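Biologist: I'm still learning to read protein models, and I'd love a close look at a single part of this one. Could you pick one sheet, take me through it strand by strand, and then show me how other parts compare?

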Amino acid sequence: MRLPRGPLASLLFVAVLLKVCWPRCAASEPCRAGFGEAEVTLEAGGAELGPGQAPGKVVFTGCPGQESALLSTDDNDFAVLNDGTVRVKHHVHLQDGRRTFSVHAQNADGQEPLVAVAVVSQVKPSEEEEKALNSFPSKHILRRRKREWVAPPIYVPENGKGPFPQRLYQLKSNNDRGTKIFYSITGPGADSPPEGVFTIEKENGWMLLNKPLDREMIAKYELFGHAVSENGASVEEPMNISIIVTDQNDHKPKFTQGVFRGSILEGVLPGTSVMQVTATDEDDAISTYNGVVAYSIHSQEPKDPHELMFTIHQSTGTISVISSGLDREKVPEYTLTVQATDMNGQGSTTTAVAIVEILDANDNAPTFDPQKYEAWVPENAVGHEVQRLTVTDLDFPKSPAWRATYRIVGGDDGDYFTITTDPESNQGILMTRKGLDFEAKNQHTLYVEVTNENPFVVKLSTSTATVVVHVKDVNEPPMFVPPSKVAKVQEGILAGEPVCTYTAQDPDKENQKISYHILRDPAGWLAMDSQIGQITAMGVLDREDEQFVKNNSYEVIVLATDDGSPPTTGTGTLLLTLIDINDHGPVPEPSQITICNQDPVPQVLNITDKDVFPHTSPFQAQLIRDSDMHWMAEINEKGDTVALSLKKFLKQDTYDVHLSLSDHGNKEQLTVIRATVCDCHGHVETCPERWKGGFVLPILGAVLALLLLLLVLLLLVRKRRKGKDPLLLPEDDTRDNVFYYGEEGGGEEDQDYDITQFHRGLEARPEVVLRNDVAPTFIPTPMYRPRPANPDEIGNFIIENLKAANGDPTAPPYDSLLVFDYEGGGSDAASLSSLTSSASDQDQDYDYLSEWGSRFKKLADMYGGGEDN
């Protein structure tokens, strides 16, 4: 056989070689499942992606005999189907025309291969891709892209065995051509606590893991990768590196409590929920089954009536009844051993105890023991215990199925009785709700039914008891007819006049004697005949007495007592409506006013009358006792107010205005209004204070007059002193006849005078004789009106002051000699009347001037007949 040569021979050689070597190679190399590429770019055909759109798919290659891997993505806006198709879940806008995320696969051996996926709006194809696009209609073709300065999430399983350090990922800059690049990482786990977990080989960019990781401590590390040139200049922006720690099943489930307790009624139907148990697992229950707990019942004690009386929900831990036949009287409590297993029932297991208490159900009816009762009750007794009824119940004591509920089902048409349950003994307590009347009905037959608080779970008949109640006759108190009586009577009636008659009836059949008396009469106005019950007036009934009368009504409490054994007393209420009479006159308010004496504002007074219509308004007003001379009173149109105003001017003072008011029934009432008149204009609240200078000026004038009088007396005394100074200066000191007339004192010499001269006239004053022609000192001085500021009041001013002067007993002249103050006799001074008694200076004797000293020598020479100088 001739062997082929040339290219055909070469192809045959390769085929034979592959046939021989492939099994060996396959046997020597273990299968490694994973993605065909490290990075995949998917073209979306636009920047806006809608839900359900599928930009493309990733390819994951598994190993023969292994289960399909679970594909997932770390971007919530995208989902990966089992066949690797990438589908949009929510509306996505591709910022800058690009979106990057990772797709990872979890297989049975715990490995998690991943692939970086970049979804772009549009990619310009190469020439080879153009040809491929023309050959294949599908747009979703995987393209290999140039590696960029972007790191996909790095998934590292916890509790790794090493060896350490372990390479995780290589950082590679696109700017490393012709330049040596140094790499570094920063962040928690690298250069900050916990430090040293991750490092990097600075020259080649390989990230290293230096120790095992614990997902339950830190589930994710966020680092930043840096690339700098030899001179330290940054050649890339800091790159975010996410290291996600994948979970390993290294924790067992834990129940939240060691013993769970629940309860369920006996006889419930299958499917009824009893309670819920809960267990937790620290492992990941979202991305893996490591933390997914499954519940189951391991054992049940006791196993009566069936071994499987309960079941538990695998996911929620809810325990329910699965079989019928729960009976508290046989098995009051069950103990269940429940277990929780992670890995959804395929992993580690933990157990706990669940105790189920079987509650009593109302499957036994209460029964009366005995069923007939007889009791005696006094009439008119309210709240009286008639009888206690006893029942028996086979249900659990003190439970709602055991506690009895009683109900009167017959014989109580008047609703006279009530029945309650004693919480301790469970007896029924029959009591009277209202008083029983022996005369109306002396016996009552009641029918009482008993049930439980909880309804019967099965159909049961109820028990009924019969109670015969006998009413005992007692002496009942007399009853007033009606119990509250209203009577009308006129106020002000005389003592002894009848008001009304108020009597009572005895409800007993015996003819008993009744006596009456008053229990409460607040004002003491009434008396009551003890035999016939007639009420008469004892005092003056006053409708306007607000202390005892309310709304024209006066309340009296009366008693009626029979002569039974023992005697009883009934009570009645008498309401007297007092009819008004015109016994009160109108009264103005207020009784004090303040008014100006110039341009006064009328003062309005409200008129009140304690009487009621028709003895009230309209009112009439009149001023009496000369009050109308200066005042004026006017009633308004409604007749319920009066306005007081000044008719004439009055000086500032307080006056009494006598105002007489009468009502519509001509009842007259005199009221004195205290009016304060002020020196002011228009309206005033209080009088302004008078100027105090009016009192000061007269006092100052009197003081000045006294000082002047004292000065004159001092001058007179000086003239009479013993040591006289010459009237004129010595001849050698005349100083050109210039005299000092303004000299007011003489020094020490002026102090030498006889003060007794002041008293000489007073000591010689004759005795004062009382006279009848002068005004007595006790007559008050009349008040004169000051000059008014208003010129229109001048006429009134003159007339009023003229009247005051005519009535002034102290005003001169009198028809007799006027008496002046006596100055005394024996005065050393000559009479002043000599100054005008002579016709010329010749009749005067001036010789005494020569005795006055040298100062008066000149005058003595001129007038005294001396020599002339």
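Modeller: Here is a walk through one sheet, followed by a few other places to visit.

Please keep in mind that this is a predicted model. The chain has 869 residues, of which 33% are buried. Eight helices and 53 strands are found along the chain. If you take the contacts in the chain with a separation of 6 or more, 65% of them are between residues 24 or more positions apart.

Now to our sheet. Four strands make up an open sheet in the order 47-53-52-49, and the pairing is mixed. At its edges stand strand 47 (592-600) and strand 49 (620-623); each has a single partner strand, so one side of each is left without a neighbour in the sheet. From one strand to the next, the twist averages 40°. What holds such strands side by side? Strands of a sheet pair through backbone hydrogen bonds, and the pairing may be parallel or antiparallel.

Start at the edge with strand 47. It runs parallel to strand 53 (residues 668-682), and seven bridges join the two. You can find one pair of partners by looking for Cys596, whose bridge partner in strand 53 is Cys678.

Next, find strand 52 (residues 653-662) and look for Ser660 within it. Is Ser660 buried or exposed? The cut-off for buried is under 20% relative accessible area. Ser660 has a relative accessibility of 3%, so it counts as buried. Which residues does Ser660 touch, leaving aside those up to four places away in sequence? They are Gln620, Ala621, Gln622, Ile624, Glu668, Gln669 and Leu670. With Glu668 there is also a polar contact, side chain to side chain, at 2.3 Å.

Just past the edge strand 49, a loop leads to strand 50 (631-635), and Asp626 lies in this loop. Its phi is near 65°, a positive value in a residue other than glycine. Asp626 is exposed, because its relative accessible area is 56% and exposed means over 50%.

For comparison, let's visit another sheet. It is also open, with four strands in the order 29-36-35-32 and mixed pairing. Here strand 29 (372-378) and strand 32 (404-410) are the edge strands, each pairing on one side only. On average, neighbouring strands of this sheet are turned by 30° against each other, direction ignored. Strand 35 (residues 443-452) and strand 36 (residues 463-472) are antiparallel partners, paired over eight bridges. To see one of their pairs, look at Tyr447, which has Thr466 of strand 36 as its bridge partner.

A short strand is a good place to think about faces. In a regular strand the side chains alternate between the two faces of the sheet. In strand 6 (residues 70-73), Leu71 and Thr73 are on the covered face, while Leu70 and Ser72 are on the uncovered one. Strand 6 is antiparallel to strand 10 (residues 98-106), with four bridges between them, and Leu70 stands opposite Gln106 of strand 10.

A helix can have two sides as well. In helix 6 (residues 794-806), 13 residues at 1.5 Å a residue should span 18 Å, and the end C-alpha atoms are 18 Å apart, which agrees. The buried residues of helix 6 are Phe797, Asn801 and Ala804. Why do they sit on the same side of helix 6? They cover an arc of only 55° around the axis, which puts them there. An α-helix has 3.6 residues a turn, so residues three or four places apart point the same way. Turned away from the buried side of helix 6 is a face with the exposed residues Ile798, Leu802, Lys803 and Asn806.

Finally, try the loop between strand 23 (294-301) and strand 24 (310-312), where Pro302 lies. The peptide bond from Glu301 to Pro302 is cis, with omega near -10°. Pro305 has its place in the loop between strand 23 and strand 24 too, and the bond from Asp304 to Pro305 is likewise cis, with omega near -10°. Enjoy exploring!

Terms used:
Residues are numbered from 1 along each chain as its sequence is written. This is a predicted model: local features need pLDDT of at least 70, side-chain atom pairs count only at pLDDT 80 or more; totals for chains, interfaces and linings use all residues. Side-chain values use heavy atoms; hydrogens and water are left out. The expected span of a helix is 1.5 Å times one less than its number of residues. Buried means under 20% relative accessible area, exposed over 50%, partly exposed in between (1.4 Å probe, protein chains only). The arc is that of the directions from the helix axis to the C-beta atoms. Two strands pair if DSSP finds at least two bridges between them. Axes are lines fitted to C-alpha atoms, for helices over the stretch in contact, and angles run from 0 to 180 degrees between N-to-C directions. A polar contact is a pair of N or O atoms within 3.5 Å; within protein, one must be able to donate a hydrogen and the other to accept it, and residues adjacent in sequence count only if both atoms are side-chain atoms. Contact means heavy atoms within 4.5 Å.
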